[in-house]
Amino acid sequence: MALMRVTSPHTHNRQTTGQVMQLVLLATLPGVLALTFAFGWGTLINIFLAVIFAIALEACALKLRKRPIKFYLNDYTAIVTAVLLAIALPPYSSWWVILVGIFFSIIVAKQLYGGLGYNPFNPAMVGYVALLISFPVAMTAWPAPIHLTPDAVTIPNLFDALLIALTLVERPMIDGFTMATPLDLVRQNDSLLLNDLMNEYPQFGRWSGSGWEWANLAFLAGGLFLLQRKIFTWHTPVSMLLAIVIMSALFYDGGSSASAGSPLFHLLGGATMFGAWFIATDPVSSAVSNKGRIIYGAGIGVLTFIIRKWGNYPDAVAFAVLLMNFSAPLIDHYTQTKPYGHNNSK
């Protein structure tokens, strides 16, 4: 009797890590362009400096660990981490702010844990939160959208933006048109009806923040592109966005002074879409199974709204992601997939 050789089913993906990271970089392009159009050259300068610092620090860490530098740099993960952190930072951030953030992202959150695949926390968000806690003034100095800038204030061109980031010139042109973000205005409001607040401050657009609406739609487009290319599944981003919609709908009272904003305000405000499609979907620090990803994404959405509504920070995606990174191993433990050929997950 002939013996039949039985092998386990496998999925095959011809894309390397480097190719996947290149697609992620490509998907961020619409959002980066929208931020540049709304706030000026600052985001591009952030990305330029962050990428340089990330490559240098990654190379130094790999050399100290006696790992092949070129091999690991070719996976583009350091560049992706740098780009994601740079997008999250306020435009025109000083070089030393970017350097400190990259140090925490690349060295502390990634290399000290063993490199790619061993980091329990999202590296970009570790760098962002470290900066937000350490330098709250610098991290909340968001410029106003360009179309709201007073005529007396000069918008920096690309070269001037680089000089400002390198602290080679003074920052009065930037400090002259920094404004509180719409999320911060809503969080601090305790006297005006929501419609009156939105009519009084020019930072608000039709549904959410002026400039932020288009940036969120652009990041949504980039995320859908990655979803279509099967870089990740729908479970985490959709459950996160759905949780934000449900929470904001439950606590939306029609627009009183105590209102935290409508569901549409939260979907198109702050880093919602950027966080849902580019941060929460990190395969290393998130849950593994589809059921676990739904729980993981929903937890990020719930925590994001809770911190926005009752916390001390206007935008809470980074904190929510890191808190759920803590919970990912526990979620994985209780949502293990059933091994092939077995009746249960144990």
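E58 is a buried residue in this predicted model, because its relative accessibility is just 1%, below the 20% mark that buried residues stay under. Its side chain meets that of K110 in a salt bridge, with 2.9 Å from N to O. K110 is buried as well, with a relative accessible area of 4%. The pair ties together distant parts of the chain: E58 belongs to helix α2 (residues 42-64), while K110 sits in the loop between α5 (95-108) and α6, 52 residues apart.

The structure holds two salt bridges, and the other partners to meet are R187 and D184, again with 2.9 Å from N to O. Here the two residues are three apart in helix α10, so about one helical turn separates them. R187 counts as partly exposed because its relative accessibility is 28%, whereas D184, at 14%, counts as buried.

Now to the pockets, set side by side below.

| Pocket | Volume | Lining residues | Nonpolar | Polar | Charged |
|---|---|---|---|---|---|
| Largest pocket | about 840 Å³ | 32 residues | 17 residues | eleven residues | four residues |
| Second largest pocket | about 500 Å³ | 32 residues | 23 residues | seven residues | two residues |

Which residues lie nearest the centre of the largest pocket? They are V20, M21, T281, D282 and P283. Helices α1 (17-39), α4 (77-88), α6 (123-134), α13 (235-250) and α15 (272-279) each give at least two residues to the lining of the largest pocket.

In the second largest pocket, Y128, W142, W212, A271 and D315 lie nearest the centre. Two or more lining residues come from each of α4, α6, α10 (182-188), α12 (212-228), α15 and α17 (317-334). Of these, α12 gives the largest share, with four residues. Helix α10, a contributor to this lining, is also the helix that holds R187 and D184.

Finally, have a look at the surface. A nonpolar patch of about 610 Å² is made by L242, I246, L250, F251, I306 and W310. Both α13 and α16 (290-310) supply at least two residues of the patch, and α13 provides the largest share, three residues. One of the patch residues, L250, lies in helix α13. Is L250 buried or exposed? L250 counts as exposed, because its relative accessibility of 63% is over the 50% cut-off. Helix α13 therefore appears in two places, giving residues to the lining of the largest pocket and to the nonpolar patch.

Note on methods
Residues numbered from 1 in each chain as written. Predicted model: local features only at pLDDT ≥ 70, side-chain atom pairs only at ≥ 80, totals over all residues. Heavy atoms only, no water. 1 Å grid on protein atoms, 1.4 Å probe; cavity = no way out; pocket = protein on both sides within 12 Å on 5 of 7 lines; lining within 4 Å. Points joined across faces, edges and corners; volume = space filled by probe spheres on them. Nonpolar A, V, L, I, M, F, W, Y, C, P; charged D, E, K, R; others polar. Patch = residues over 30% accessible without salt bridge, like charges linked within 9 Å, V, L, I, M, F, W, Y side chains within 5 Å. Areas by Shrake-Rupley, 256 points an atom, 1.4 Å probe, with all protein chains shown as cover. Salt bridge = Lys/Arg side-chain N within 4 Å of Asp/Glu carboxyl O. Buried < 20%, exposed > 50% of the residue type's maximum accessible area, 1.4 Å probe, protein only.
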